[in-house]
Amino acid sequence: MKINSYYDTFLKNYQELVKARDWKQPLLVALSYSLQILDEGVIPVTANDVPVDALVSPAGVIPISPDALDRCNYVNSSSI
């Protein structure tokens with residue numbers, strides 16, 4: 001049985017629209033409580049899951065992708 005979550009389906013469709021219209025791919029950011037953030041590999045990831053670029057929690061921003069890390073570094077260096 002194939003189950004796609006609403007968010008993964010929406011994000012995949014949006015990514016296809018971005019490509020079709022030749023737009024710049026946005027950063028995908030998820031909100032979470034600190035207790036919801038687990039080590040990599042603890043939760044199984046399927047081919048239908050769309051990875052996010054960064055997490056935002058009460059503890060702060062956690063960049064995951066290289067693009068998110070670059071943008072966080074840019075923001076931090078600009079505020080100095």
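What pattern does the protein chain follow when read along the sequence? The answer is α-β-β-β-α, and the model you are looking at is a predicted one. Two places are worth a visit here: the surroundings of Asp8, which sits in helix 1, and the largest pocket, with about 980 Å³ of space.

**Overall build**
- Two helices and three strands make up the secondary structure elements of the protein chain.
- The protein chain has 80 residues, and 15% of them are buried.
- Among contacts with a separation of 6 or more, 53% link residues that are 24 or more positions apart.

**Around Asp8**
- Look for Asp8 in helix 1, which spans residues 6-20.
- Asp8 is buried, yet it has no salt bridge.
- The nearest side chain of opposite charge belongs to Lys12, at 6.9 Å; a salt bridge would need a side-chain nitrogen of Lys or Arg within 4 Å of a carboxyl oxygen, so Lys12 does not form one with Asp8.
- The side chain of Asp8 does have a polar contact with the side chain of Ser5, at 3.0 Å.
- Leaving aside residues up to four places away in sequence, Asp8 touches Asn48, Asp49 and Val50.

**The largest pocket**
- The space in the largest pocket comes to about 980 Å³.
- Its lining consists of 26 residues, of which Val45, Pro51, Val52, Leu55 and Ile64 are the closest to the pocket centre.
- Helix 1 contributes at least two residues to this lining, and so does strand 1 (29-31).
- Helix 1 is therefore a good element to follow by eye, as it holds Asp8 and also supplies part of the pocket lining.

Conventions
Residues are numbered from 1 along each chain as its sequence is written. This is a predicted model: local features need pLDDT of at least 70, side-chain atom pairs count only at pLDDT 80 or more; totals for chains, interfaces and linings use all residues. Side-chain values use heavy atoms; hydrogens and water are left out. Helices (H or I, at least four residues) and strands (E, at least two) are DSSP runs, numbered from the N terminus. Buried means under 20% relative accessible area, exposed over 50%, partly exposed in between (1.4 Å probe, protein chains only). Lys and Arg count as positive and Asp and Glu as negative; His and the chain ends are not counted. A polar contact is a pair of N or O atoms within 3.5 Å; within protein, one must be able to donate a hydrogen and the other to accept it, and residues adjacent in sequence count only if both atoms are side-chain atoms. Contact means heavy atoms within 4.5 Å. On a 1 Å grid over the protein atoms alone, a cavity is a set of points where a 1.4 Å probe fits but cannot get out, and a pocket is an open set with protein on both sides within 12 Å along at least five of seven lines; lining residues have an atom within 4 Å of a point. Grid points are joined across faces, edges and corners, and a volume is the space filled by probe spheres set on the points.
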